[in-house]
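Visitor: I'm new to this. Could you show me the structure and let me ask about it piece by piece?
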Amino acid sequence: MDKFKKKFLEEATDNLAELEEALLKLEQAPNDSGLIERVFRYMHSIKGGGSMFGFTGLSDFTHHLENIYDRIREGTLSVNQGLLDVTLEAVDHMKNLLQEDDQLSPETEIKHKNLTVQMMQLLETREQKGAAEPVKNNPGQGEQQKTYYITFDPAEEIFDNGTNPLFLMDELAGLGDLYAMPFLERVPLLEDIDPRRCYTHWEVVLSTTEEEQAIHDVFIFVEDQAHIDIRLLADTNLLADASFRKTLDEKGQQDQGLGLDALKALAAGCVAGEAQQGSAEEGRRVVEQVKKDDVLSSIRVGSEKIDHMMNLVSELVTTQARLSLHAEQSEDGELAAIAENVQKLTRQLRDNAFDIALVPVETMLTRFHRLVRDLSNSLNKSVRLVTEGAETELDKNIIEKLTDPLLHILRNSIDHGIETPDERLKAGKPEEGKITLKAYYSGASVHIQVHDDGKGLDTEKIKEKAIERQIISPESILSRKEILELIFLPGFSTSANVTDVSGRGVGMDVVRRNLADIRGEVEVDSEPGSGTTLTVKLPLTLSIIDGLLVQLADNQYVIPLSAVDKIYAARHSDVVDTFNNLIVLDGERIPFFYLREEFGLPESDSETEEIVVVQYDNNRIGMVVDGVIGEYQAVLKSLGKMYKYQDMISGATILGDGTVALVMDTNKMIDRFSEEHQKKIYVESSK
Amino acid sequence: MKKEELENINSYLTFKLGEEEFAAHVSKVLSIMEMVKITKVPKSPEYMQGVINLRGQVLPVVDTRIKFGMTPTEFTANTCIVVMEVEVNGESVQVGTLVDSVQEVLEISDDQIQPPPSIGSKYKSEFISGMAKLDEHFIMMLDMDHVFSAEEMLNVQASAEDGKQQAAEVTETSGPVSG
């Protein structure tokens, strides 16, 4: 059962996320019946699963919520701000309930009570209003299909009363969908049969919209002549589930009864699979249709499995490169043809595998909508978040690390960018502020742009602040762009007073650093009075980089192409016998490092060298290598724990011939070399 | 076989470094590879030979001879890389160890193992957990986890720091050889 429980937790977490998203949409369109239906369905699935897996607290709690939305569905209660506030808070609480299971912390306990009271109040208001209408006994459950498990074990002498059990079965079948399993194992040999005795007993699965009482009513006259047990299996129509039926068909052939436990387990499996399908009242056909779509459209896979697959695929890519190399060299035409096919397949497989690891930006959006909603409320601002390009996809590892920086940017936009409604009206803007989050592809990278139509950044104020904080000197002359860049420096915060939202001095510098971890960059642009735009540029994937393959002694190295500026050829003597490691390239004096020397390798005996000029902050630095081999798509691998201290090398990649090439982190490398050179100069000068 | 079961058997892989025979418990040994080209990682301590491609994973390779205070490995046809899984600070780490030649897998019962000699060893004896006498020769039982233990890892870092400063003077001692 633990497996099911885990599965339920996953499903419920998903359902809660969907629910939250639907609620936020509902806030925009309070009368959208489709949305209300969705909200109701998610609640229902959570409730059903919760009671099935022993999350009774969650299930009861959700039940109240469900009642509220059922009434909204009936049209006797309308969606309003207060109601949504309570609902969203309840959703948060449900997340806690899921995590804490049975052991509630005191805070959760209090919250639980408060929210329950609030929900009851919401229900009360409507009950007074709706008192005049004819209300069904339990409207929340009225149209709901439920599945019951009934054991009917009549006494042998039941015929004596004139009761025909088959009629009872017919009557049951009249209540809804019936699946009856008669068991005949007690029937004796023919010569021993007493025709006045009943040897058969039944197990029945019934899906019905009727209440349990109705089932009891069927058996009302035979209750004391039979053993009758009626149990609720699920809050959905299990018989609409083809796989459930099939299992019943198989199991029903056996002589022994299935027993409640077996059926419950079976039902649990079906419900878990069905949890997202929504309520069964839309009829079996629809449910089956939806289920089919679900199965086809997505499956759930652990992320470590994907990581493993990516490893295998990159291994395959390198092995395939070897095969192609070998086939080319051999005379065997057939081998060449096979190798070509393998190459084609490998390329498709690789593209496909990378595609699998991509996740749409959309997955982060619910959190953003929630943040904008909650934050603008607490700041008494009116802000709308508009998203574009939510279908843009990024590597899942990037998405995970991107959420926090983006949340921070949004927080800043709402807190510092968007003005209060009064200020906005005075400035001739619409009362409601607008933040646009736009994601789009740009070459081999993805750009995410956050634009607000707020007051924009005040360059004078930034400059003052930077001078005050001694980040720049008062006489420095900076371009507009350079001033804007100052906000990314450590210890910079433009807010005049520190709020609890942003402006704790840990601001944009952290954003920039966190983004750098996923090889992302952030840029800012701002127009005073009309808003600020932050653009985050990200690589499509973390696991593959475009690099320049270079030769250095026996080894090959990869320099990330993003760092490379230009490649020059140079004479050996120009780079070896220099006094201050400067070389003139394109009329510019460029400092360089002779990598063989830096790595402790012997000087090369070649006449020519090649210089790869890389970008280091805003400077250009030359790296002298033996030769440039060409561009290379490097699948990044970690060097492992044994090389943890080694920060100049960001990883390794496996080449077509199976050997390993190291990937340089040019920034760290240059940092380190400069440090060493300074030390050397210091040592020499102190001699 | 499960790892726990492996740990309970008395099988050891023996290999030679120079003329001496060493043994490592089979539960630590993952595979034995013939020599491949080793990619040297710049600015590393001398005994860190570099990295190789082990079925798509990047595996660090240690020159066991240097680690044990002997002269660096000279590559011959018998030189092998023994891939081991060792525990470092509670984490398991895979590492390739260079050995001059792999001998055999031996059953050595606990009563054949004597405590290690405390003095007079020409090797760094802290890695040796015992001596086994078989026929006429001794086999040194290695404590592989200890070889890569916490202090040892610190030493790696320390020598990396040293390496930084001495980098200019250090010359390449052993170039990678393909096998």
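Visitor: What share of the residues of chain B count as buried?
Guide: Keep in mind that this is a predicted model. To count as buried, a residue needs 20 or more other C-beta atoms within 10 Å of its own. Chain B has 179 residues, and the share that passes is 33%.

Visitor: How many helices and strands does chain B have?
Guide: Chain B has a bit of both kinds of element. The tally is four helices and eleven strands.

Visitor: In what order do the six strands of the open sheet in chain B line up?
Guide: The pairing in this sheet is mixed. At the edges sit strand S8 (101–107) and strand S9 (113–114) of chain B, each pairing on one side only. Reading across from one edge to the other, you get S8-S1-S2-S11-S10-S9.

Visitor: Which residue is the bridge partner of B:Ser11 in S8(B)?
Guide: Strand S1 (residues 11–17) of chain B and S8(B) run antiparallel, joined by five bridges. B:Ser11 belongs to one of these pairs. Its partner in S8(B) is B:Glu107.

Visitor: Is B:Glu107 buried or exposed?
Guide: B:Glu107 lies in strand S8 of chain B. Setting aside neighbours within four places in sequence, B:Glu107 is in contact with B:Asn10 and B:Ser11. A residue with 12 or fewer other C-beta atoms within 10 Å is called exposed. B:Glu107 has 9, so it is exposed.

Visitor: What separates the C-alpha atoms of B:Glu107 and B:Ile9?
Guide: Along the chain, these two residues are 98 residues apart. In space, their C-alpha atoms are separated by 8.4 Å.

Visitor: Which residue in the turn of the hairpin formed by S1(B) and S2(B) has a positive phi?
Guide: S1(B) and strand S2 (residues 20–25) of chain B pair in the antiparallel sense over six bridges, and B:Phe15 stands opposite B:Phe22 in S2(B). Two residues sit between the strands of this hairpin. The one with a positive phi, about 65 degrees, is B:Gly18.

Visitor: In which sense do S2(B) and strand S11 of chain B pair?
Guide: Strand S11 covers residues 137–142, and three bridges link it to S2(B). One pair to look for is B:Ala23 with its bridge partner B:Met141. The sense of the pairing is parallel.

Visitor: How about chain A: how many residues does it have, and what share is buried?
Guide: Chain A holds 22 helices and 21 strands. It has 687 residues, and the buried share is 32%.

Visitor: Why are the buried residues of helix H19 of chain A on the same side?
Guide: Helix H19 (residues 508–517) of chain A has A:Met508, A:Val511, A:Arg512 and A:Leu515 buried. The face turned away from them carries the exposed residues A:Arg513, A:Ala516 and A:Asp517. The four buried ones are on the same side because they cover an arc of only 95 degrees around the axis.

Visitor: What do the buried residues of H19(A) pack against?
Guide: Just to place the helix, H19(A) is followed by A:Arg519, with a positive phi near 55 degrees. Its buried residues pack against one helix and two strands of chain A. These are helix H15 (396–417), strand S10 (521–527) and strand S11 (531–539).

Visitor: How many bridges pair strand S9 of chain A with S11(A)?
Guide: Both strands belong to an open sheet of five, in the order S6-S8-S9-S11-S10. S9 (residues 445–452) and S11(A) pair in the antiparallel sense, and A:His451 has A:Thr533 as its bridge partner. The number of bridges is eight.

Visitor: What angle does the direction of H15(A) make with that of S9(A)?
Guide: H15(A) packs on the sheet and touches S6, strand S8 (433–442), S9 and S11 of chain A. Its direction and that of S9(A) make an angle of about 20 degrees.

Visitor: How many residues does each chain bring to the contact between chain A and chain B?
Guide: On the side of chain A, helix H12 (303–329), strand S20 (649–654) and strand S21 (660–664) each supply at least two residues. By class, that side has 13 nonpolar, nine polar and five charged residues. The contact takes 27 residues from chain A and 29 residues from chain B.

Note on methods
Residues are numbered from 1 along each chain as its sequence is written. Chains are lettered from A and ligands numbered from 1 in the order in which they are written. This is a predicted model: local features need pLDDT of at least 70, side-chain atom pairs count only at pLDDT 80 or more; totals for chains, interfaces and linings use all residues. Two residues are in contact if their C-beta atoms, placed from the backbone, lie within 7 Å. Ala, Val, Leu, Ile, Met, Phe, Trp, Tyr, Cys and Pro count as nonpolar, Asp, Glu, Lys and Arg as charged, and the others, Gly among them, as polar. Two strands pair if DSSP finds at least two bridges between them. The arc is that of the directions from the helix axis to the C-beta atoms. Axes are lines fitted to C-alpha atoms, for helices over the stretch in contact, and angles run from 0 to 180 degrees between N-to-C directions.
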